[in-house]
Amino acid sequence: MTSDSALALADALSSGPVVLDGGMSNQLESAGHDLSDALWSARLLAERPEAIVEAHLAYYEAGADVAITSSYQATFEGFARRGIPHDRAAELLGLSVGLAREAALRAHAKGVARPLWVAASVGPYGAMLADGSEYRGRYGLSVAELERFHRPRLEVLAAAAPDALALETVPDTDEARALLRGVRGLGVPAWLSYSVAGDRTRAGQPLEEAFALAAEADEVIAVGVNCCVPEDVDAAVATAARVTGKPVVVYPNSGEVWDARARAWTGSSTFTAAQVGGWERAGARLIGGCCRVGPEAIAGITAALRAA
């Protein structure tokens, strides 16, 4: 939430659906920014922060209530490979939250009257590797090793005071366990969102098992899926709601498929705003889009939910 709103995101979820934004990278690319880099959109935190503000603002103006920060691929290890020292990397992580806050302030100044929230993106270990392994999981690391990787970044992002931590595109239950351990005691609510294929995580575990990990986690305000094809959403929403009893978060890709070797999207879009009514009826409360879903689609989601 912005500083002039006292409504917590968790409370908003109890009263109806909340609209998430769409893909950060596609919005930046549509504005002419080159993201062919291992840091992806996180590179612009250092080089073109104003571009990130503009991308967030486009989604707020399209109807999004929550902006997800550009920190998905921002890690101490990834920045270090680019020669960015630890202290500067911490500044950039915190800046990701500040840029989304700035966009919310500008949206309010331009007449957007509803509460606006910021969720700090925490991508999986595989996102740091930048080799597509976030779509496979099973990195050969223990839960404890993954927790040690995630916790420092979680602490820095939490210190920047986002409204939530978006533990997103999680490919397997080991990493989910590590992230759930990592958010303990930070004082910031979180959502846990898996990348899935059919009725299983990308690593092949049943979704019932995966969602159940968050059922008793007090820090977790929503559980669900993202960065999957729209066709996999319906069953996943129903399972998440049944297993956890929590609000469900869902933000699929356009339906196109990422080719990690070619670093390009293939196929055609299957995402339509008409799908979101069924997701809401099944228990989805945080609803938006991920890769290749832009402001026009978010405007469609907003209209569909208001008409429901």
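# A tour of helix pairs, rings and loops

Start by selecting helix α8, residues 143–159, together with helix α9, residues 173–182: the two pack at an angle of about 45 degrees, and their axes are 8 Å apart. That angle makes α8 oblique to α9. The model on screen is a predicted one. Turn the view until one helix lies in front of the other, and the crossing of α8 past α9 is right-handed.

Now show the side chains between these two helices. On the α8 side, select V143, A144, L146, E147, H150, R151 and L154; they meet D174, E175, R177, A178, L179, R181 and G182 of α9. Coloured by class, this contact of α8 with α9 has 6 nonpolar, 2 polar and 6 charged residues.

**Second stop: α6 against α8**

Keep α8 selected and add α6, which spans 86–109. What is the angle at which the axes of α6 and α8 cross? They cross at roughly 50 degrees and come within 8 Å. The pair α6 and α8 is therefore oblique, and α6 passes α8 in a right-handed crossing.

For the residues in this contact, select A90, L93, G94, S96 and V97 in α6, then R153, V156 and L157 in α8. The contact of α6 with α8 has 5 nonpolar, 2 polar and 1 charged residues.

**Third stop: α4 against α13**

Next, select helix α4 (residues 49–62) and helix α13 (residues 295–307). Their axes cross at roughly 30 degrees and come within 8 Å. Are α4 and α13 parallel or antiparallel to each other? They are roughly parallel, because their angle is under 35 degrees. The crossing of α4 past α13 is right-handed.

Here the contact is made by A58, Y59 and A62 from α4, with P295, I298, A299 and T302 from α13. By class, the α4 contact with α13 has 6 nonpolar, 1 polar and no charged residues.

**Fourth stop: aromatic rings**

Hide the helices and show the aromatic side chains. How many aromatic pairs does a search of the whole structure find? The search finds 5. To see one of the pairs, select W191 and Y251: their ring centres are 6.1 Å apart and their planes stand at 85 degrees, so this pair is edge-to-face. Follow the chain from either ring, and the pair turns out to link distant parts of it, with W191 in strand β5 (residues 190–194) and Y251 in strand β9 (residues 248–251), 60 residues apart.

With a surface switched on, are W191 and Y251 buried or exposed? W191 is buried, at a relative accessible area of 0%. Y251 also counts as buried, at 1% relative accessibility.

Then select Y125, Y139 and F149, which ring pairs link into a cluster. F149 falls within the residue range 143–159 of α8.

**Fifth stop: two residues with positive phi**

Most residues other than glycine have a negative phi. Which residue in the loop between α8 and β4 (164–170) should be selected here? The residue is A161. A161 is not a glycine, yet its phi is positive, about 60 degrees. A161 counts as partly exposed, at 43% relative accessibility.

The other residue to select is C227, in the loop between β8 (220–226) and α11 (233–244). C227 is not a glycine either, and has a positive phi of about 55 degrees. With a relative accessibility of 2%, C227 counts as buried.

**Sixth stop: two loop residues and their contacts**

Move to S70, in the loop between β2 (66–68) and α5 (76–81). S70 is buried, with a relative accessible area of 2%. Which residues is S70 in contact with, leaving aside neighbours within four places in sequence? Select M24, S41, A42, L45, I52, H56 and S96 to see them. S96 has come up before, as one of the α6 residues in the contact with α8.

End the tour at R114, in the loop between α6 and β3 (117–122). Draw a distance from the C-alpha of R114 to that of A64: it is 10.0 Å, while the two residues are 50 apart in sequence. Not counting residues up to four places away in sequence, R114 touches Y60, G63, A64, D65, H108 and R306.

Terms used:
Residues are numbered from 1 along each chain as its sequence is written. This is a predicted model: local features need pLDDT of at least 70, side-chain atom pairs count only at pLDDT 80 or more; totals for chains, interfaces and linings use all residues. Side-chain values use heavy atoms; hydrogens and water are left out. Axes are lines fitted to C-alpha atoms, for helices over the stretch in contact, and angles run from 0 to 180 degrees between N-to-C directions. Helices (H or I, at least four residues) and strands (E, at least two) are DSSP runs, numbered from the N terminus. Angles under 35 degrees count as roughly parallel, over 145 as roughly antiparallel, 65 to 115 as roughly perpendicular and the rest as oblique. A crossing is left-handed if the near helix is turned anticlockwise from the far one by less than a right angle, and right-handed if clockwise. Contact means heavy atoms within 4.5 Å. Ala, Val, Leu, Ile, Met, Phe, Trp, Tyr, Cys and Pro count as nonpolar, Asp, Glu, Lys and Arg as charged, and the others, Gly among them, as polar. Rings of Phe, Tyr and Trp (its six-membered ring) pair if their centres lie within 6.5 Å; planes under 30 degrees apart count as stacked, over 60 as edge-to-face and the rest as tilted. Buried means under 20% relative accessible area, exposed over 50%, partly exposed in between (1.4 Å probe, protein chains only).
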